[in-house]
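Work through the exercises below with the model open in your viewer. Try each task before reading its solution.

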Amino acid sequence: MKPHKLIPRTFVILTLTAALMACAGPGPKPTSELQIAESSIQQAEANDARQFDPVLLNDAQNKVADARELMDKSDPEEEDYTEARRLLEQAAVDAQLAGARAETEKTQRAVAEISRSIEDLQNELETDQP
């Protein structure tokens, strides 16, 4: 191969490589993780987590807001999406925990109410007996 033909080929290869590297973005946005986190928050709110564990629910909502901020940057980098993905996973877990704690609290209150009713009935039976 003649040396004068090597230079244009090398230039073309380098140019294509640079163009491919420039096109490589930060990867896909973590939209599925966002949907999971938002769904977990909605489920926790439906389970009255706002009443029983508002701090953890607020933490989850703040993490989603922080993740959205990272995702909506005008020029995001791969680390931004990685951090957003991590925040969204934490938010989903926090929301699920808040929802589970709310369910547990409601169940404990129901059990306490049933126990009081049983105790009242037993007291009535004891007082009615001669």
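**Exercise 1. Find the handedness of the crossing of α2 and α4, then describe how the two helices pack.**

Solution.
- Step 1. The crossing of α2 and α4 is left-handed. Left-handed means that the near helix is turned anticlockwise from the far one by less than a right angle; clockwise would be right-handed.
- Step 2. List the contact, meaning heavy atoms within 4.5 Å. From α2 come Thr31, Leu34, Ala37, Glu38, Ile41, Ala44 and Glu45, and from α4 come Leu57, Ala60, Gln61, Val64, Arg68 and Met71.
- Step 3. Sort these residues: eight are nonpolar, two polar and three charged. Here Ala, Val, Leu, Ile, Met, Phe, Trp, Tyr, Cys and Pro count as nonpolar, Asp, Glu, Lys and Arg as charged, and the others, Gly among them, as polar.
- Step 4. Take the geometry. Helix α2 covers residues 31-46 and helix α4 covers residues 54-71; they pack at about 155°, with axes 11 Å apart. Axes are lines fitted to C-alpha atoms, for helices over the stretch in contact, and angles run from 0 to 180 degrees between N-to-C directions.
- Step 5. Name the arrangement. α2 and α4 are therefore roughly antiparallel to each other. Angles under 35 degrees count as roughly parallel, over 145 as roughly antiparallel, 65 to 115 as roughly perpendicular and the rest as oblique.

**Exercise 2. State what kind of model this is and how confidence varies along it.**

Solution.
- Step 1. This is a predicted model: local features need pLDDT of at least 70, side-chain atom pairs count only at pLDDT 80 or more, and totals for chains, interfaces and linings use all residues. Residues are numbered from 1 along each chain as its sequence is written, and side-chain values use heavy atoms, with hydrogens and water left out.
- Step 2. Average pLDDT is 89, and 87% of the residues score at least 70. pLDDT is the predictor's confidence in each residue, from 0 to 100.
- Step 3. Confidence is lowest in helix α1 (residues 3-23), at a mean of 67. It is highest in α2, at 97.

**Exercise 3. Count the helices and strands, and give their order.**

Solution.
- Step 1. The protein has five helices and zero strands. Helices (H or I, at least four residues) and strands (E, at least two) are DSSP runs, numbered from the N terminus.
- Step 2. The order from the N terminus is α-α-α-α-α.
- Step 3. Look at sequence separation. Among contacts between residues at least 6 apart in sequence, 72% join residues at least 24 apart.

**Exercise 4. Describe how α5 packs against α4 and against α2.**

Solution.
- Step 1. The axes of α4 and α5 come within 8 Å and cross at roughly 160°. α4 and α5 are therefore roughly antiparallel.
- Step 2. α4 passes α5 in a left-handed crossing. The contact residues divide into 15 nonpolar, one polar and seven charged.
- Step 3. The axes of α2 and α5 also come within 8 Å, but cross at roughly 20°. α2 and α5 are therefore roughly parallel.
- Step 4. The crossing of α2 and α5 is left-handed. On the α2 side are Glu33, Leu34, Ile36, Ala37, Ser40, Ile41 and Ala44; on the α5 side are Arg85, Leu88, Ala91, Ala92, Ala95, Gln96 and Gly99. They divide into nine nonpolar, three polar and two charged.

**Exercise 5. Are Ala84 and Asp94 buried or exposed? Which residues do they touch?**

Solution.
- Step 1. Ala84 lies in helix α5 (residues 78-128). Ala84 is buried, because its relative accessibility is 0%. Buried means under 20% relative accessible area, exposed over 50%, and partly exposed in between (1.4 Å probe, protein chains only).
- Step 2. Beyond neighbours within four places in sequence, Ala84 contacts Pro30, Ala67, Leu70 and Met71.
- Step 3. Asp94 is also in α5. At 13% relative accessibility, Asp94 counts as buried.
- Step 4. With the same neighbours set aside, those within four places in sequence, Asp94 contacts Leu56, Asp59, Ala60 and Lys63.

**Exercise 6. Characterise Asn47 and Asp48.**

Solution.
- Step 1. Asn47 is found in the loop between α2 and α3 (49-52). Asn47 is buried, with a relative accessible area of 15%.
- Step 2. Leaving aside neighbours within four places in sequence, Asn47 contacts Gly99, Ala102, Glu103 and Lys106.
- Step 3. Asp48 lies in the loop between α2 and α3. Asp48 is partly exposed, at 31%. Its phi is near 65°, a positive value in a residue other than glycine.
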